[in-house]
Each structure stands twice: as structure tokens, then as C-alpha cells.
Amino acid sequence: MARLSPALKQATPVQVARGEGVHVFDLDGRRYLDFTAGIGVTSTGHCHPRVVAAAQEQVATLIHGQYTTVMHQPLVRLAERLGDVLPAGLDSVFFMNSGSEAVEASVRLARHATGRPLVVAFDGGFHGRTMGAAALTTSGAKIRAGIGPLMGGVAFAPFPYAFRYGWSEEETVAFCLRELDRLLVTAAPAADVAAFLIEPVLGEGGYVPTPPAFLAGLRERADAHGILLIADEVQTGFGRTGKFWGHQHADVTPDVLITAKGLASGFPLSGIAASEELMAKAWPGSQGGTYGGNAVACAAALATLDVIEGEGLVANAADQGLRLRDGLQKVAADHPGIADVRGLGLMVGNEFCTPDGAPDTAAANRAHAAAADKGLLLLTCGPHGNVVRMIPPLIVTAEQVDEAVAIWAEAVRA
Ligand code: PMP
């Protein structure tokens, strides 16, 4: 008998038997409110009937087509359909299985298209665990420590995490753009930079919305220097932030958009989108993989789009996100250990600090564990693990938000 590797670190001791909507049930039938959604994946809820039906039908028709060998209908239909939700001009798509692969595909494309070697990523960003994606990731030491050397050609610029700097958002943005300008004439000369890579909301790095003025500043510099702007929308896409894409909170369009997670309601599927003109600069055959654009995953993604549209889930994410933040702010008002509540849509973080402002990882862990004990599954994030984040399925109702806030209040008190 083999056992799972001890390298697997699990956030809760829960073993789930099944999931339905916003709930999962453990082996004894105990019900949990799942405010993790499989790290922001099961946005339509667990086992949404329309997603289940679409996947079941596809399984019985064609499981694996293999897109570098033959083309199949779910892939063609999904590409066409994504045209309805992608920003204007990003009319060419390519599919892979995971967020990390899509991040690497975007870097491959940017280097091919520009002939330049460098990518500028931002402090605290998370872009994945494969060696290339890990090279772009600074959300926490565990992703990078002891596995180097990682992919080269990466430079890091400060991310405008205003709460941590202790400045206003405006001051923080101005400082970070000045530092970026310095980087572009020092360690990462602008003429050598292929791309800026940024998350519209810093995810694993602490749930910090990227200020619109910062995204606008990146766009300006990208245009001035022939640099591509890549939005990593793996966690922020598909309605999560209360708009279809996270970058739509700013008046900025990226050159390349990366999607995964919420795209297929739990089936492994990711993609990149860019203009056809840009995508044509990728060398033919340079992108691919055995399982990319799997037929069942594509069918699930098509059903996911139907559900998001049919049930108004983007608007629901905006409404319930406001309700959730409002409730959490009231809890924080009674608990000075929760120093900041922030987020966009249903991507909300509670940052725990000691009275002198240092990250309080122990308090975050205690609250997280107490919530799980009381039937509310959550995750932590941030370089210090001191941010408790909430990412429920986008189908969450006002009653379920209120129930989660009530459990959270008890957990924090405990
Ligand atoms: N980018 C972002 C913004 C992510 O949040 C994640 C996963 N948390 C990834 C990339 C990597 O995705 P995957 O785990 O599917 O490789």
C-alpha cells in the first residue's frame, strides 16, 4: 500500500465525500460551507446540474481528441464562445490544463513576439509552481526555496500593497511606479523587457486589489516601450471580482490574458488570449501539450459560461461581495487583531496583525481552524500566511453569506 507524500500540506483535516452547491460533505455526512471553492475554481458551485449534464454527455461522446493531432467540436465551440466575454481585440485563444502552464505559455509568446528576454513581475505575485512559473512567483518562500536555479530573465518590481506600506493608495502607486521606472533604466532595461506580468488582484500574495491607477501606469509604460502587458486572471477571471475579468475594474486592456480555475467549474483547463496578430508571432508548434483543451473540460467550460450568464453570477458576485465585506468589516470592528478587510467581489481577505502592526500568522491560523471546526472552510494567504481569505462559489446567496459571517464572528471570538 502506498501513501500520499508528506510533501502534501493540507489546509484542513477535512476529507470530503461529495459536494453540492456551496457545500461539501465529509465522510460522516457533516456539512461545510465551502468558502474556498477549491481555491476559486468551483465558481458555479459543486456539481452544478448543467455542468454535470454537459460533462456526462461529452464523456459518452468523446473524452480525448488531442488538439495537435485532430480538432474537436467542444474546443472549437469554446474558442468561438469565449469571443463573447473576452475584451475586444483579444480574439485568439489557446488552451492548456493548468494556470502554471498558461503562465509559461504567455511568457513563451511574449519572448517570441518581442525577441526580448526579460519579464517584470511584481512582489507578492503568484503565477504557479512549475519551474518557469515559480521563477515569476514571490507570494511566499515555500514556492521558491531550495529548488533553484529557476528560469532566468525575471525582474521584480514593488507591488502597491498600500496597507503594508502604511501609505495612501495614491502615494503607494506613485512610489511603485517611480521604482518601476528606475528598474527600467537599471536592472531591467526597457528595451530588453518583453512583458509586465500582473494579477488584477494579488491573490496568494494577500488578496490586495491592484489599484486601477497602477494598471494604467503599467499600460502607459508598456505602450511607450513596446512591452506587452500580461494579466494573470487565473484567480480573478470568470466573474470572481464582480466583473467578468478583474482588469475591467481599471480602464485598461491587457495584451495577453491568462485564464484557468473558474473557467471549467473544476475540470482542468486553462487558456491564454491575445490578438490574432500577436498570437501569430508564436512560433508554430511552440505551444501545445497532450491534454490541453480536453473535450470534457471544454464541454464543462461551455456549460459554465451558460450558468454564469443564465444565473447572473457576475452581478451576484458583486452584490454578495459587498455584503460579505460589509459583514466582515463589522466583525473586524470588534476585533482589533483584524487590521484590514479588503477585496473585490467574492475575493475577500482579512489581514491579522499584532498591535504593533506585524503580521499575526498565529491568530490567522487559529481563526481559520476555528472556522473549519464550526463548519466554514476557508484558506489563508499572504507571504506570512496572516490573511484569511474567502472565495465562495459565485452562486452564494445572501443567507449563506450571513451564515458564513456569523460563523466567522464566532471563530474569531474563539
Ligand atoms: N496564477 C494565479 C493568479 C493563481 O492564483 C494560480 C493558482 N493559485 C496560478 C497562476 C497557478 O495555477 P495552477 O495551480 O492551476 O497551476
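Strands, the element type to which β10 belongs, are DSSP runs of E of at least two residues, and helices are DSSP runs of H or I of at least four residues, both numbered from the N terminus. The structure is a predicted model, in which local features need pLDDT of at least 70 and side-chain atom pairs count only at pLDDT 80 or more, whereas totals for chains, interfaces and linings use all residues. Residues are numbered from 1 along each chain as its sequence is written, and side-chain values use heavy atoms, with hydrogens and water left out.

**Exercise 1. Describe the enclosed spaces of the model and their linings.**

Solution. Begin with the term: on a 1 Å grid over the protein atoms alone, a cavity is a set of points where a 1.4 Å probe fits but cannot get out, a pocket is an open set with protein on both sides within 12 Å along at least five of seven lines, and lining residues have an atom within 4 Å of a point. Points are joined across faces, edges and corners, and a volume is the space filled by probe spheres set on them. With these rules the structure holds 3 cavities of 30 Å³ or more.

Next, take the largest cavity, which has about 60 Å³ of space. Its lining includes W245, F94 and F95, and β4 (92-96), β11 (256-259) and β12 (270-274) each give at least two residues to that lining. For the classes, Ala, Val, Leu, Ile, Met, Phe, Trp, Tyr, Cys and Pro count as nonpolar, Asp, Glu, Lys and Arg as charged, and the others, Gly among them, as polar. The lining of the largest cavity then divides into 9 nonpolar, 2 polar and no charged residues.

Finally, turn to the second largest cavity, with about 50 Å³ of space. Strand β10 (residues 228-232) supplies the largest share of its lining, 3 residues; the lining includes L229, I230 and A231, together with H247 and T253. By class, the lining of the second largest cavity has 8 nonpolar, 2 polar and no charged residues.

**Exercise 2. Locate the second largest pocket relative to the two domains.**

Solution. First set out the domains, whose bounds come from an automatic or database domain assignment: domain 1 is 16-34 + 312-412 and domain 2 is 51-311. Their centres, taken over C-alpha atoms, are separated by 25 Å. The contact between them (heavy atoms within 4.5 Å) takes 30 residues from domain 1 and 28 residues from domain 2.

Then examine the pocket, in which about 240 Å³ of space lies. Of its 18 lining residues, E169, V208, P209, T210 and P211 lie nearest the centre. The elements that each supply at least two lining residues are α6 (162-165), β9 (208-209), α8 (212-225) and β13 (338-344), and the largest share, 3 residues, comes from β13. The lining of this pocket comprises 12 nonpolar, 3 polar and 3 charged residues. Because domain 1 and domain 2 both contribute residues to this lining, the second largest pocket lies between them.

**Exercise 3. Explain why C176 and C381 are not bonded to C353.**

Solution. Apply the criterion that a disulfide is a pair of cysteine sulfur atoms within 2.5 Å; the count by this rule is 0 disulfides. For C176, the closest cysteine sulfur is that of C353, and at 18 Å it is too far for a bond. For C381, the closest cysteine sulfur is again in C353, at 13 Å, which is too far for a bond. As to burial (buried means under 20% relative accessible area, exposed over 50%, partly exposed in between, with a 1.4 Å probe and protein chains only), C176 is buried at 0%, and C381 is buried at 5%.

**Exercise 4. Identify the backbone geometry of G148 and P149, Q66 and S265.**

Solution. Recall that most residues other than glycine have a negative phi, and most peptide bonds are trans. The bond joining G148 and P149 is cis, with omega about 5 degrees, and P149 lies in the loop between α5 (131-135) and β6 (154-157). Q66 has a positive phi near 75 degrees; this residue sits in the loop between α2 and α3 and is buried, with 13% relative accessible area. S265 also has a positive phi, of about 55 degrees, in the loop between β11 and β12, and S265 counts as buried at 12% relative accessibility.
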